[in-house]
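Let's take a friendly walk through this structure together. The stops along the way are the domains, a sheet and a helix.

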Amino acid sequence: MDTTSIGRPDNDFIQDVLGLGGEDLKKCYQCAACTSACSLSTEQNGFPRKEMLMAQWGMKDRTIEDPGPWLCYYCGDCSKVCPRKANPGETMMALRRYLTSYYDWTGLSRRMYRSGIWEIGFLLLMAAVVIALFTLPHGFGFGLLARSGPAPLTHVMLDRFAPVAIAHRADQILALFLAVFLLSNAARMFFFLTRGRKIPVGLYFTYLPVFALHGLTQIRWKSCGSAETTKNWLRHLFLVTGYATMFLLVVIFLPWFQVQNNSFHWTSFLGYYATAVLLIATTWILIDRVRKQDEIYRYSHISDWLFPILLFLTALSGILLNVLRLMDLPMPTYVLYTVHWAIAAPMLIVEVPFGKWAHLIYRPLAIYLAAVRNKAEELSAEKKVDLSEMVA
Amino acid sequence: MANARTPQSEGLDILVLGGGVAGISAAIEATEASCNVTLIEKSPTLGGRAVRNHQYFPKLCPPSCGMEINFQRIRKNPRIHVITQAELERLEGVPGDFQATLKIAPRHVNANCTQCGACAVVCPAERPDEVNCGLSRTKSAYLPSLTAYPPWYAIDRQACVEGCHACVDACQYAAIDLQQQPERKTVRVAAVVAATGWESYDATKIANLGFGRCRNVVTNVMMERMASLSGPTQGKILRPSDDQPPRSVAFVQCAGSRDANHLPYCSAVCCSASLKQTTYLHRQLPECKTTLFYIDLRTPGLLQDFYSKVTADGSVRLIKGKVGKIEEDAATGDLIVTAEEALTGKKISTRFDMAVLATGMVPNTQGLPEGFHPDEFGFLTNEDKGLYGAGCVHRPSEVVSSIRDATGAALRALQCVVEGLPRG
């Protein structure tokens, strides 16, 4: 770390972190007990004391280049051992919220993280758009007043209410939208974490498996300190398999998964698995958040509530939709189909590129880039040694 | 003890609770203003905690010689009435005129004792020696300290073998009475000075530092006893797991101090105490490497000079960074101490033979009567008339400051005495 200058403190940055959950960070007196208590903190990547200092002193430029907040899985050992009750664990969470909003170039994320009204308002707006698409006359070719005439009310004929070809295309457009925003934000993160560093290009390829491993398994979480770690990690892993399954079903297999009448298709089994996982895991997480027993669930920002609640409601409306369809209740099926969309689409639009869900790419990217950076530093240190040997 | 109280001075007494360096100083100072003092001490000997130290800082000399001088002054001073093994049971009355009821536990040994030690030789029972933090044991008939005052043995009846009277039979001086009963005594005093001192913070409460779980983690108080000639190892500093001299020692500052989970305050003495301990450790074991982990090195006032002297030769490695974790290598008993060097940002896990936890001071206010008002941390505030704290029960301090504080408390107590005198 360059210790010659710290620059001017960025007061807005300090205020942002204080407001995003780091309100106790100014109590920190830099004793460094947190870093030494952290089981994920290493010689090359020590945290969270460094992050506490950067946040206290308003060192925004260093913070946005720092992978530290994403290397933490929040067991809370640091907060337990903190002699000042400065809550380094929650400050790391606040920094993740800050970074999520900072990586986002649209500024939308920043507004939503700083104001619950913005977040809920934006969700409701998106929901209104979805409902409008289904209810306005001739609204883009589907809905009750579809161009092909009203959907029949004698039996469920989902294809007449929401033609699967259009729904599928809508899903793909949505997925593309999410990918464009999320990847552009991730690109910004990539830029911040690598700028001004001499990194041999080959390293980016050598370490790609690190990205894949941690993106898919979150295995690093397993080494985290808390007694609840294995439970939390496994629960999260199941949650990942649940939404990944659902994502594939909706974006790729919708023509089969969206069954048109009260018949049955085998893809529903995959849907049942995903639904069960999503319902159980989100309920369990919400219960833990209410109970506040685990250090990780003691403090909840509004974003921490909205994400699991929306995920839960998406799964719940999805499975009820399936029940109504099998019971051959046309009108309730159509209404719930609209509701399901009006929950799921806004959730995805808000959470994936701008909200908490964005960590699905930020975390593995940080772990990967931290490994790349560490290796690059090792190599340049070796080179320096070589040079000094030559001089000698 | 002999008490040459003059009738004219009846009602002008001061009661001092605690016979450590603060209590003794307050008592002697008050008598120098012609006041009579009853000095009571809970244990069987005066001396308190300071005298248990191997050395005290910044002078780095044994505290026992200073204490010997104080004992001399008490011995020659007819105005001080010392009662050991005594506690204040009840306090009634108003400032200027208190009635204090003292409960005196039996010593079972009287002034005939010559310290010949025959009782201890024949004694079949043992007890843990709390002076040595339980690191050694004494017989049930024991000499409370090499410099005990009064200079007599004592018998711990709770540790005795039922029905045994071997000591009585062995004593040639008829000094032992196993049937002695507790007594009560009432004194009239104008003011009470509580110099009840401190306890070391219970290190087992600091779970991450491993005390009680790792054999070679000791407290600063234990270290002091190990270095002391009268200690459990006769002055040899040995690590507990294998009784070998340590080759590396970690000094862990703020073990439970400045910590919202333990003691929120700074005890002000532990940094200097640890620096002191490194000096005699290096003298005894020149090969031993010492590392001191700190949050801030606090050597207030003139102690800054002490800090400069001790650290000048670089023999102590100073690391800014609170220790977060101590773990034991079960095979060797070695300790893995984890900290972050805050100045470089490097997290380190280092192997040490032994670790010394600098535990802080907890004011000992247990058993004080109502009327003494502790502050939020338990230290006495001295805001109430007639009842004053002195020394470490008032604020955490080293020996010299304790003596000054005791002098101040004695002066305030004297003001109560003078107010009760007839004018003119």
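## Domains of chain B

In this predicted model, the domain assignment divides chain B into three parts: domain 1 (9-104 + 182-197 + 364-419), domain 2 (106-181) and domain 3 (203-360).

How far apart are the centres of domain 2 and domain 3 of chain B? Taken over C-alpha atoms, the separation is 35 Å. Domain 2 of chain B gives 5 residues to the contact between the two, and domain 3 of chain B gives 6 residues. On the side of domain 2 of chain B that touches domain 3 of chain B, there are 3 nonpolar and 2 polar residues, with no charged ones.

## An open parallel sheet

Now for the sheet. In chain B, 5 strands line up in the order S12-S19-S13-S14-S15 to make an open sheet, and their pairing is parallel. Strand S12 (217-219) and strand S15 (316-320) of chain B are the edge strands, each pairing on one side only. On average, and ignoring direction, neighbouring strands of this sheet are turned by 25 degrees against each other.

A helix joins the picture here: helix H6 (residues 270-284) of chain B packs on the sheet, where it touches S13, S14, S15 and strand S19 (354-359) of chain B. The direction of H6 makes about 170 degrees with that of S13(B).

## Inside the S13 and S14 pair

Let's look closer at one pair of strands. Strand S13 (residues 248-255) and strand S14 (residues 289-294) of chain B run parallel and are joined by 5 bridges. Which residue of S14(B) stands opposite Ser248(B)? That residue is Lys289(B).

Note on methods:
Residues are numbered from 1 along each chain as its sequence is written. Chains are lettered from A and ligands numbered from 1 in the order in which they are written. This is a predicted model: local features need pLDDT of at least 70, side-chain atom pairs count only at pLDDT 80 or more; totals for chains, interfaces and linings use all residues. Two strands pair if DSSP finds at least two bridges between them. Helices (H or I, at least four residues) and strands (E, at least two) are DSSP runs, numbered from the N terminus. Axes are lines fitted to C-alpha atoms, for helices over the stretch in contact, and angles run from 0 to 180 degrees between N-to-C directions. Two residues are in contact if their C-beta atoms, placed from the backbone, lie within 7 Å. Domain bounds come from an automatic or database domain assignment. Ala, Val, Leu, Ile, Met, Phe, Trp, Tyr, Cys and Pro count as nonpolar, Asp, Glu, Lys and Arg as charged, and the others, Gly among them, as polar.
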